[in-house]
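Trainee: I'd like a close look at one part of this protein, the charged residues around one buried spot, and then a walk outward to the rest of the fold. Could you take me through it step by step?

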Amino acid sequence: MKYFTLGPVEMDAETLKISQNPLPYFRDESFSDINLTLVRRLKDFLKTAASTRIAMLTASGTAAMEAAVSQVFTTQDRLLIINGGGFGQRFVEICRWHSIPYEELKLAPDEPLTTQVLSAYQNKQVSGILVNVHETSNGRLYPLKALSTFAKKKQATLVVDAISSFMADPFEMDDQGVDIAIFSSHKSLSVAPGLAFVAINETTWKNRINKVAPLSFYMDLSSHVQQIERGQTPFTPAVGVIIQLSDKLRRIEQMGLDSFLANIESRASHFREMISNTPFLVPEYPLSNALTPILIPDDKAEHFYNRLRSDYGILVNPCSGRWANTMLRVGHMGCLTLEDNNKLVCALNNIAAAS
Ligand SMILES: *Cc1c(COP(=O)(O)O)cnc(C)c1O
């Protein structure tokens, strides 16, 4: 099966190979060294200062979203949530669960997020902004610049769920004015699920985190940060995923972050070029390199999904909600090639011709 999925993604041979090794013991110095190097490389790739704190949670990405929101904000805050799909809605549900007051900015699919749209909130109380910079549920990418400019004006804390954008699109945490960045192991980092990260800049760490009591013992960000600073975790981590990830980061460092990003960018643009010569349209909103949403004519998304899977051994991602019948999502993350793109487009054309 060839995985054009959005996480877990097609893993490379090196990752699969080291996954066969027995796991090392983790409460010793050599494992601490692995963790310390892993965190240093992540900070390099995030383009953030050494003073940024990183919490490494053994969990899926949603735990990092919840830990960030619930340990940074309180019932005294008022958050603005950019809600353009399933993951924006998840931020809404997390705030509701923790009784943190919020307002939703809902955008129509063809409505861009601009300074002007944000100016409607200029005179309202906004102490934090939550955004999924790439709304994976429909592939929409938001402009960080407009958001961080607005956040600065309001002196609001900008929390960016970059889970499917980090390591797919250029991301510069400090220069782009991001206070908290969230990401996980199994999207563009292309290893197994199991690790989720919260990166918190120094200002936010000092002004926010230590002032809010953790709502969960297991997810206490302070204890995770304190422990990782000496290369450890408060509890047993996903040791196997750490081994995969540290090897993957080492290889990305070797080839250079820019080359890694250029590769995924070239796979995405090659696919978009190929698909433009077919009956499958691509929505007009800005896209991440992580995935291309394609519109399937005649409400036949499920039919195409099933045929790709059973006749061609190709797995893409269906959509839910309003896009369920009309859109499929094609991932570009992980170990895929331009030749894989050719096979997928060829398969889509064949299915269209037969139906
Ligand atoms: C995958 C993803 C998540 C996290 O989902 P989990 O199932 O908890 O890993 C959160 N936000 C975005 C934008 C994602 O793409």
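Going by relative accessibility, does Asp12 count as buried or exposed?

Mentor: Happy to. Please keep in mind that this is a predicted model. Asp12 counts as buried, because its relative accessibility is 8% and the cut-off for buried is under 20%.

Now look at what Asp12 is paired with. Its carboxylate forms a salt bridge with Arg251, and the closest N and O atoms of the two are 3.1 Å apart. Arg251 sits in helix α9 (residues 239-255), while Asp12 belongs to the loop between β1 (2-3) and α1 (13-18), so this salt bridge ties together parts of the chain that are 239 residues apart in sequence. The arginine end counts as buried too, with 16% relative accessibility for Arg251.

The pair is not on its own. Asp12 and Arg251 belong to a network of salt bridges that also takes in Glu14, Asp247, Lys248 and Arg250. Lys248 deserves a moment of your time. Lys248 is found in helix α9, and its relative accessible area of 7% makes it buried. If you set aside its neighbours within four places in sequence, Lys248 is in contact with Asp12, Thr15, Leu189, Ser190, Val191 and Phe260. Asp12 therefore appears in that contact list of Lys248 as well as in the salt-bridge network.

How do other salt bridges look beside this one? The count comes to 18, and two further examples are worth picking out. In one of them, Arg40 meets Asp44, with the closest N and O atoms 3.3 Å apart. These two residues are 4 apart in helix α2 (residues 29-46), so about one helical turn separates them. Both ends are partly exposed: the relative accessible area is 41% for Arg40 and 40% for Asp44.

The other example joins the side chains of Glu202 and Arg53, at 3.5 Å from N to O. Here distant parts of the chain are linked, since Glu202 is in helix α7 (residues 202-207) and Arg53 in strand β2 (residues 53-58), 149 residues apart. The two ends fall into separate classes: Glu202 counts as partly exposed at 29%, whereas Arg53 is buried at 15%.

From charges we can move to rings. A search of the whole structure gives 8 aromatic pairs. Among them is the edge-to-face pair of Phe166 and Phe171, with 6.3 Å between centres and 70° between the planes. Phe166 is buried, at 2% relative accessible area, and Phe171 is buried as well, at 5%. Another pair, Tyr218 with Phe235, is stacked, at 5.1 Å centre to centre and 15° between the planes. This one links distant parts of the chain: Tyr218 is in the loop between α7 and α8 (221-228), and Phe235 is in the loop between α8 and α9, 17 residues away. Both rings count as partly exposed, Tyr218 at 36% relative accessibility and Phe235 at 25%. Going back to the phenylalanines, Phe166 and Phe171 form one aromatic cluster with Phe183 and Phe197. Charge and ring also come together in one place, where Arg322 lies over the face of Trp323, 4.9 Å from the ring centre.

Next, have a look at a sheet. Three strands make an open, antiparallel sheet in the order β11-β14-β13. β11 (291-295) and β13 (317-318) each have a single partner strand and stand at the edges, so one side of each has no neighbour in the sheet. Between β11 and β14 (residues 327-331) there are 5 bridges, and Ile294 stands opposite Leu328 in β14.

Finally, step back to the whole chain, which has 12 helices and 14 strands. Its radius of gyration is 20 Å, close to the 20 Å that the globule rule gives for 355 residues, so the chain is as compact as a globular protein of that length. The C-alpha atoms fill a box of roughly 60 × 55 × 35 Å along the principal axes. Of the 355 residues, 55% count as buried, and Asp12, where you began, is one that counts as buried. Among contacts with a separation of 6 or more, 73% are between residues 24 or more positions apart.

Methods: Residues numbered from 1 in each chain as written. Predicted model: local features only at pLDDT ≥ 70, side-chain atom pairs only at ≥ 80, totals over all residues. Heavy atoms only, no water. Salt bridge = Lys/Arg side-chain N within 4 Å of Asp/Glu carboxyl O. Buried < 20%, exposed > 50% of the residue type's maximum accessible area, 1.4 Å probe, protein only. Pairing = 2+ DSSP bridges. Phe/Tyr/Trp six-rings, centres within 6.5 Å; stacked < 30°, edge-to-face > 60°. Lys NZ or Arg CZ within 6 Å of the ring centre and 35° of its normal. Contact = heavy atoms within 4.5 Å. Rg over C-alpha atoms; globule rule 2.2 N^0.38 Å.
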